[in-house]
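Trainee: I should like to understand how the terms used for a protein model are justified. May we go through some of them together?

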Amino acid sequence: MNEQEQRHDHDAALKAGAYASDAVSHRSTDAEQLRRLKVLHTITTSILSITDFHELLNNISMESVKFFNASGSILRLLEEGNLKVEACWGLCDDIKAELQIGEGICGQAALEGKTIFYNRSETDYVHPATESIEVGICTPLKIGDTLIGTFGLYDKMTVEGKTIPFGEEDRITLEGFASVAAIVIEKSMLYEKALRQEREAVSAKRQVEELKDYLQGLIENSPDAIVTTDLDGIVTSWNDASEKMFGFSRNESIGKFLPNVPHFLIDTEKSYIEQIKRGETLKDLETVRKTKDGNIIDVNINMAPIKNSSGKIIGISRIGRDVTERKRIEKDLLRKNNELSRLLFISSTMRGTLELDRLLRMVLTAVTMGDGLGFNRSMLLLVDEGRNVIRGAMGVGPANHDEAWEIWSRLSMENKDINTIMQEIELGPLSKDSLIDRLCCGIDVNLDDDTVLTRAVKEKKPFNVTDVRTEPLSDPVLIQQLGTMAYAVLPLISRNKVIGVLWVDNLYSRKPITDHDMNILKGFTDQIASAIENLRLFEHVTQAEQELENIFESISDLMYINGRDYSIKKINRAVAEKIGKSPDEIIRRKCYEIFHGMDSPWELCPHHKTIATNQPFVGEVDDPNLGGTFLISSSPLFDKNGELTGTVHIARDVSEIKKLKEKVASVERMAALGEMAAKVAHEIRNPLLSIGGFARRLEKRLDSDLREHAKIIVDEVRRLEGILNNTLSFVKSSVTERREVAAADLINDISTLLEPTVNDRGNVLSREVDHSVTLLINYDRFKEAILNLVGNANHATENGLITIQVYSESVFSEPDLLGHRAEGKEAVIEIKDTGHGIREEDLNRIWDPFFTTRPTGTGLGLSITKRIIEEHAGRIEVESKVGGGTVFRIYLPLKGGPA
Amino acid sequence: MKILVVDDEKNILKLYKAELEDEGYNVVTANSGKEALEVFRAEEPDVVTLDIMMPDIDGIQVLRQLKQEKPQIPVIMLTAYDYRDDFSVWVSDAYVVKSSDLVTLKATIKQIIEKK
């Protein structure tokens with residue numbers, strides 16, 4: 001219905017209404033009834049022409065207001081038990097609220113199921129919703145006995161605008177109207193519902209179409225291969241991605257059995273189809289598919305049933321994804337991760353090891369273990385710079401194929417991981433007896449050779465020898481001893497210096513060594529090198545520490561370390577011996593208690609001074625408590641922050657030296673006196689000599705008185721010379737003083753003096769002394785004579801033997817007049833060397849003063865020696881052979897022997 | 001028999017020369033260490049008596065030089081002081097302390113010449 005038609009209907013209704021109101025007062029009941037029917041017809045016609053449900057309801061409200069001359073109407077429909085306003089006319093908004101059954105006028109009508117009249121003037125209670133209403137009438141809308149709503153009219157007006165109550169006629173008309181309206185409303189509601197259903201169906205259909213397009217697009221543009229088949233695996237759809245992934249075109253695939261399933265998987269595929277038929281969905285199948293080129297690719301497939309609208313399974317969808325790349329990356333990632341964690345573990349374990357052999361074993365085990373780097377055999381060779389060689393240090397690996405299999409199968413059965421094995425190496429006993437280890441330790445390659453091993457060292461480069469037959473620089477020693485066919489060598493570089501090489505091969509598995517292997521090994525060798533270097537440094541430090549400790553302990557001076565608080569922290573053996581207590585009784589005690597026997601620090605103590613000044617102190621201290629004179633040095637010890645932590649003391653007992661010094665000083669004084677005496681002698685004796693000498697001459701030539709006078713001069717000079725001699729002999733020690741000396745003591749003295757010099761030339765000094773021999777000698781002079789002889793022997797000999805022998809033998813004097821020989825004893829001192837000997841022509845001249853065969857010799861030694869021996873009434877003989885050594889024999893008469 | 005007497009004191013040289021000539025020796029003298037070596041080379045004496053304390057070259061050095069040039073030459077050290085603790089003089093053939101009584105010296109010379 002258009003707008004114009006609506007207006008026409010409206011006008012017609014108004015005319016009918018005006019006519020009806022006249023009829024109420026002036027026409028007969030029949031006419032009234034007829035008019036009512038006409039009106040009803042008009043209304044019904046007009047409302048039936050309306051298709052829109054809400055417009056219909058509005059129309060009912062509007063038309064009835066006009067017809068009944070009311071001020072307003074309200075149409076409520078029952079929805080979920082409540083009366084909800086669906087349409088109204090002429091009423092203000094506040095009465096449009098929803099009402100419950102029994103509430104207000106409408107509620108009452110709905111509750112009672114009959115028409116209700118309302119007049120405010122006759123009611124005590126006024127419902128808030130009906131406050132503005134004077135009078136009203138409300139009737140329920142029913143279809144049969146079913147309540148569908150209510151319809152009310154309010155405030156009937158006269159033509160003059162006066163409100164009048166609704167009458168019985170109004171009730172009959174309204175009820176009639178309501179029964180028609182109810183039917184119309186119901187029909188209209190059904191129609192509305194049908195219309196809505198149709199609209200929904202259309203919209204649903206459109207949505208399905210859109211979804212289908214969308215899905216189609218999705219399928220076509222999906223990067224995943226989407227394939228559908230029937231229940232026999234015959235392809236029904238094949239998207240672009242499938243074409244791309246498998247190489248088969250859509251035409252080649254549709255209508256045929258899945259062309260991308262490899263022959264060996266067809267049975268599996270059929271079993272999958274059976275599962276799908278049972279309604280299962282298969283997710284994330286990791287399998288393979290074949291391409292048109294015949295390549296096998298890794299795929300991940302999801303399979304699901306396709307059902308028709310009745311839920312029957314009519315096909316299968318497959319969504320496949322090429323996971324070759326992902327798989328590769330996954331594998332790579334996994335391997336890298338494993339390798340990294342292994343390397344990390346190995347290197348951290350290695351760094352915790354403090355023995356080189358264990359470290360090397362760990363490294364090699366890590367390199368050969370399946371769980372490690374997995375090489376068959378490996379060796380470590382270390383550079384020996386001193387000998388300019390590279391030498392095998394340790395090898396790990398099976399001796400032959402049988403052993404290899406035996407080890408591999410045992411390891412896989414024991415299922416030990418690298419962690420356990422490393423721990424076993426670190427803590428368990430270390431055996432070094434495998435064949436490869438023995439072979440390895442025999443390898444000794446000169447660095448001047450040009451081979452793969454030496455190049456790895458010299459060029460600091462790894463080498464991968466893939467076939468020893470084609471590599472001219474292959475190491476013959478490795479091929480011969482280890483039977484290697486292909487191997488890799490990697491330098492171990494620490495601080496830019498090659499300290500050794502790592503060697504690996506796969507003799508038993510014949511697995512080629514790949515670039516990847518080389519890269520892993522390279523990362524590993526850096527770790528090994530620095531671990532070995534660290535260990536070596538550690539060993540050096542330990543050794544140095546040990547040496548220091550040994551020096552500290554064995555030094556004969558007293559050495560001790562004091563803390564700031566005068567407590568003794570460390571002492572050497574000499575201190576313990578000097579104090580006469582064990583180190584436990586000394587350490588932690590106060591130094592002034594132990595060393596000086598005092599209760600508080602000693603003022604003169606060098607430690608005290610060093611603590612006070614932070615400066616080193618050196619001084620000679622007379623310590624009455626220790627009973628001697630000590631040369632003490634006290635040096636401050638600082639921590640790394642420069643704080644003084646204590647002092648280190650070195651104390652030398654110089655009591656003996658002091659005595660010697662005093663002796664020397666006295667000798668020097670004597671020497672000075674002697675020198676003065678010599679001067680005096682010269683200055684006085686010479687003039688005395690002239691005076692006396694010439695007086696003697698005069699005495700001889702003169703007579704009587706003059707002769708007497710000359711004699712007086714001679715006598716007086718003699719007296720003066722006598723005084724002079726006596727005076728001089730007082731300052732001079734007697735040169736001829738002799739005493740008895742045990743030959744053994746003399747030779748001991750000499751050995752002590754000369755042993756270092758003798759040893760310097762690689763000679764050995766041997767002594768065979770008869771302890772019963774006692775010599776009567778001027779000790780110092782005689783010692784000089786023997787020193788000369790032993791010194792000469794040492795000069796003539798290198799890396800040889802010098803023997804001093806002392807013994808006694810019987811001698812017989814020349815026969816006397818009666819032919820008797822007196823028996824006596826002689827001491828023989830024999831000095832024998834294994835040196836170059838004396839030439840025969842020189843033998844006679846050796847005793848001459850200034851004769852020498854040595855460029856720096858004075859030539860006086862043997863002359864002086866001979867003179868000393870003669871002074872002691874002895875004799876000396878020599879026996880020598882060029883190249884055969886020399887013997888000097890000194891013969892000295894013993895007491896009771898011939899003089 | 002020629003004897004070279006070396007001493008830095010002229011009076012002493014004069015005394016020795018007179019005394020030894022009286023004994024029948026041919027006596028040449030030198031007044032210093034340096035002169036001693038010159039005279040020794042020029043005169044080729046049979047015996048030398050040598051003072052030790054001399055200003056230019058001392059008697060020990062002269063002794064060393066003489067023995068190097070002619071190892072067999074007998075040298076008698078004739079000094080005012082007893083130097084016998086000094087090993088260097090030990091290589092001389094005899095040692096006589098100066099005394100106005102020349103008996104010891106004359107006896108020593110006689111002994112040495114006889115030994116020769």
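**Two crossing helices**

Mentor: Helix α24(A) passes α26(A) in a left-handed crossing, that is, the near helix is turned anticlockwise from the far one by less than a right angle (clockwise would be right-handed). This is a predicted model, in which local features need pLDDT of at least 70, side-chain atom pairs count only at pLDDT 80 or more, and totals for chains, interfaces and linings use all residues. Residues are numbered from 1 along each chain as its sequence is written, while chains are lettered from A and ligands numbered from 1 in the order in which they are written.

Trainee: Why are α24(A) and α26(A) called oblique to each other?

Mentor: Their axes come within 9 Å and cross at roughly 140 degrees. Angles under 35 degrees count as roughly parallel, over 145 as roughly antiparallel, 65 to 115 as roughly perpendicular and the rest as oblique; the two helices are therefore oblique.

Trainee: What makes the buried residues of α3(B) line one face of the helix?

Mentor: Gly59(B), Ile60(B), Val62(B), Leu63(B), Leu66(B) and Lys67(B) are buried (20 or more other C-beta atoms within 10 Å of the residue's own; exposed is 12 or fewer, partly exposed in between). Seen down the axis, they fall within an arc of 160 degrees, so they line one face.

Trainee: Which elements of chain B do these buried residues pack against?

Mentor: They pack against β1, α2, β3 and β4 of chain B.

Notes
Helix = DSSP H or I, 4+ residues; strand = E, 2+ residues; numbered from the N terminus. Arc of directions from axis to C-beta. Contact = placed C-beta atoms within 7 Å. Axes fitted to C-alpha atoms, helices over the stretch in contact; angles between N-to-C directions.
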